[in-house]
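Student: I'd like a close look at one part of this model, with every cut-off spelled out as you go. Pick a single region and tell me how its pieces fit together.

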Amino acid sequence: MKRIFRRVLLSVCIASLAGSGLAGELPRLVTKDGRHALMVDGAPFLMLGGQAHNSSNYPAALKPLWTAAADAGANTVEVPVAWEQIEATEGRFDFSFVDTLVKEARQNKVRLVLLWFGTWKNTSATYSPEWVKFNNQRFPRMLDKEGKDIYCLSPFGEETLKADRKAFVELMKHIKKIDEKQQTVIMVQVENEVGTYNLVRDYGAKAQAAFAQPVPQAVLARKKSPLPGAASGTWSEVYGPYAEEYFHAWAVASYIEEIAKAGRAVYDLPMYVNNALRDPLAPMAPWKDNFASGGPTFDVIDIYKAAAPHIDVAAPDIYMPEWAKVTATVEKFQRPDNALMVPEIGNAENYARYAYLVFGRGGIGFAPFGLDYADYSNFPLGSKLKDKKMAEPFGKVFKVFRPMQRQWAKWAFEGRTYGVAESEERTPQTIEMKGWKATVSFREWQMGEKHFFPNLKDLPADTESPNGGVAIAQIADNEFIIVGQYARVKISGENKRSMYARVEEGYFDASGKWVMERNWNGDQTDYGLNFTGNPVVLKVRLGMY
C-alpha cells in the first residue's frame, strides 16, 4: 500500500511540475485536427498582449510600459530588440537592455514576446546597425529595373544574411542563458513587416538569375497558380502575372528561414512573422503597388510555409477598423496549418471588440499596438489617446479573460469556442454550435424587445459606435461559458423546447475552479442574456422539457 501511495504521489508531483513549467518543457506551438495551441509551462496559454511602441526598447522607457500592461490586464508584452541596439559595433554585443527587460518583466509578472528588428523593419533597413545600412557594397540594396538602389536591403545579400543570422543567434544564446529556467520569453518575431513598397521584387544580378530558375518543388507542392499555367518551370511559366510577387515572397521567406533555423538550433522557441496587410476584400489580382510585395500576405502563406518551415505562424497586423475587413482577415489567416494570432492591432477603442472575435475563433493571442503610454500617438491608425483612457477598453476585455485564460485556451484547442464582434450595420449575428444556435444582437435595452416599444427613440449609453462582442465556449452538451459586452445573447436549439436551468455569474479562481457570485433569473433572463459595458462571465446551463 505504501508503495502504491508513493507512486500516486510521484505521479501527482510530475503532473504538477509539467503544469508549472518546472519540468523544463519549452514553450511551443502544437496542432491537432487543424486547431492550434501555444503551450507555455506545459499547458495551453492565451496571450492577452500589448505591444510597445517602436522606440520604447530602452530601460528608461519601460516603466510606463509596465503601468500600461497592468491597466490593460495584459499577461504578455511584445517588445522590440533592435540589431543596431545589440551590435552597434560589428562583433561586439551588448545585451544589457535584454537583461533589464527580462528582469522587469518577471517583477511585473508578465511574459515576453521579443520582436527582432534586424534586416527589415516595416520593409526598411532602419533598425540595422550603421555599419550595415551605410555600406551598400558589402550589404547590397535591392535594385529596380533601371539598376538603381532602393531603400530596401536585398534578400540575396549573402553578407547581410550572414551578419543578421550571427546577431540573432547571439541573441537567442543570451536568452537561453538568462531565461531557460524561468521562460519569461515565450515567443520571438523574426524581422518585422517584411516585403517591399513601390517595387515588386529585386532586379539585381543574383535575383535575376534566381528568377530564371525553376520554381522549387516545395513551393510547387503547396502554391497553385491563380491562373492556368505550366505545372513546373520558371516562375513566369508557372505563375504568369503573379510570378514576380510570388518569387519575392519566396526570396524573403527563404532569407528569414535561415535566420529562424539558426536561432532555433540554439534555443527552440516558437517563432512567427507579421504582415502589413493587403486588402482582404479586393478581388485577387497581381501586385499593383497596392501592398508590400514579398511580405506574408494571405495569398502567399503557402509560399512562406514551403520556404520557411521554422516559422510557426504568419500573423496579420490589423489597422483596418472595418468589421468586414477584420473578419475577412481573420478568416484568411486562420488555417489548419496556420494558427490565428494578431500580434498588432490598432489601440483605438473600436478595435477592442475584436478580441472577442479572435479569442472566440480559437486565436492564440491578441495585442493592441502602442500600449505603453509613450508620448506618441499613431492616429489615425490607432488612438489619439496616450494614457490610461487608451488602455481601458482593452483592459475591460482582458481582465475578464485573464482569470480563465488557461481554461479558455484549452477549450479553444478542443474546438469548443466561438466569437463575434459587432458590425457597423449593427445587425444580429448567429453562431452555430453543437446542437444549439446563439443569436447575438446589439444596441438592445436590457428589458423587453424592440417591437414592444415602437416609438422609443432612446438608445443604450455608449453605443454610438460599434463596440459589442461576445465569446462563447461550449463546455458540455448543454452548458456554456459566455463573456461579452454591449450585446444580447439568446440560445436556442432546433426542435428543442428548452429553458435556462442556471445562469450563474462568477469567475474562475487561481486553481481553475468556478466561483458563483449570483444566479440570473427573472428580468435578467426573460429577454436574453444582456451584457453591458462591464463584461462579466456567465456559466449557462440549459434544460429541455
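Tutor: What follows stays with one sheet and its surroundings.

Quick housekeeping: this is a predicted model, so local features need pLDDT of at least 70 and side-chain atom pairs count only at pLDDT 80 or more, while totals for chains, interfaces and linings use all residues. Residues are numbered from 1 along each chain as its sequence is written, and side-chain values use heavy atoms, with hydrogens and water left out.

Start with the sheet itself. It is open, has 6 strands paired antiparallel, and reads β14-β17-β18-β23-β20-β21. The two ends of that order are β14 (417-421) and β21 (514-519); each has a single partner strand, so one side of each is left without a neighbour in the sheet. From one strand to the next, the twist averages 30°. As for the labels, strands (E, at least two residues) and helices (H or I, at least four) are DSSP runs numbered from the N terminus, and two strands pair if DSSP finds at least two bridges between them.

Now zoom in on two of the pairings. β18 (residues 479-485) and β23 (residues 536-544) run antiparallel and are joined by 6 bridges. If you want a spot to click on, try I481, whose bridge partner in β23 is K539. Further along the order, β20 and β21 are also antiparallel, paired over 5 bridges. Here E505 stands opposite R518 in β21. β20 and β21 form a hairpin with 5 residues between the strands, and within this hairpin G512 takes a positive phi near 90°.

If you are scanning backbone torsions, there is another positive phi to look up: R443, which is not a glycine, has a phi near 55°. R443 sits in the loop between β16 (437-441) and β17.

Next come the helices that pack on this sheet. α14 lies across β17 (469-476), β18 and β23, and its direction makes about 160° with that of β18. Contact in all of this means heavy atoms within 4.5 Å. Angles run from 0 to 180 degrees between N-to-C directions, and axes are lines fitted to C-alpha atoms, for helices over the stretch in contact. A second helix, α15 (residues 405-413), lies across β14, β17, β18 and β20 (498-508), and runs at about 75° to β17.

α14 also has a helix partner. The axes of α2 (residues 62-72) and α14 (residues 388-401) come within 6 Å of each other and cross at roughly 45°. The two are therefore oblique to each other, given that angles under 35 degrees count as roughly parallel, over 145 as roughly antiparallel, 65 to 115 as roughly perpendicular and the rest as oblique. On the α2 side, the residues in play are A68, A70, D71 and A72; across from them, α14 brings K388, A391, F394, G395, F398 and K399. By class, this contact has 6 nonpolar, 1 polar and 3 charged residues. In that split, Ala, Val, Leu, Ile, Met, Phe, Trp, Tyr, Cys and Pro are nonpolar, Asp, Glu, Lys and Arg are charged, and the others, Gly among them, are polar.

Step back along the chain from α14 and you reach a cis peptide bond. It joins F379 and P380, with omega at about 15°. P380 belongs to the loop between β13 (365-368) and α14.

Last stop: a void lined in part by α15. The model has 2 cavities of 30 Å³ or more; a cavity is a set of points on a 1 Å grid, over the protein atoms alone, where a 1.4 Å probe fits but cannot get out, and lining residues have an atom within 4 Å of a point. The largest one has a volume of about 50 Å³, a volume being the space filled by probe spheres set on the points, which are joined across faces, edges and corners. At least two lining residues come from each of β2 (35-40), β3 (43-45) and α15. A409, A412 and F413 are among the lining residues, and so are H36, A37, L38, P44, F45, L46, G362, G363 and I364. Sorted by class, that lining has 9 nonpolar, 3 polar and no charged residues.

Key. 1 Å grid on protein atoms, 1.4 Å probe; cavity = no way out; pocket = protein on both sides within 12 Å on 5 of 7 lines; lining within 4 Å.
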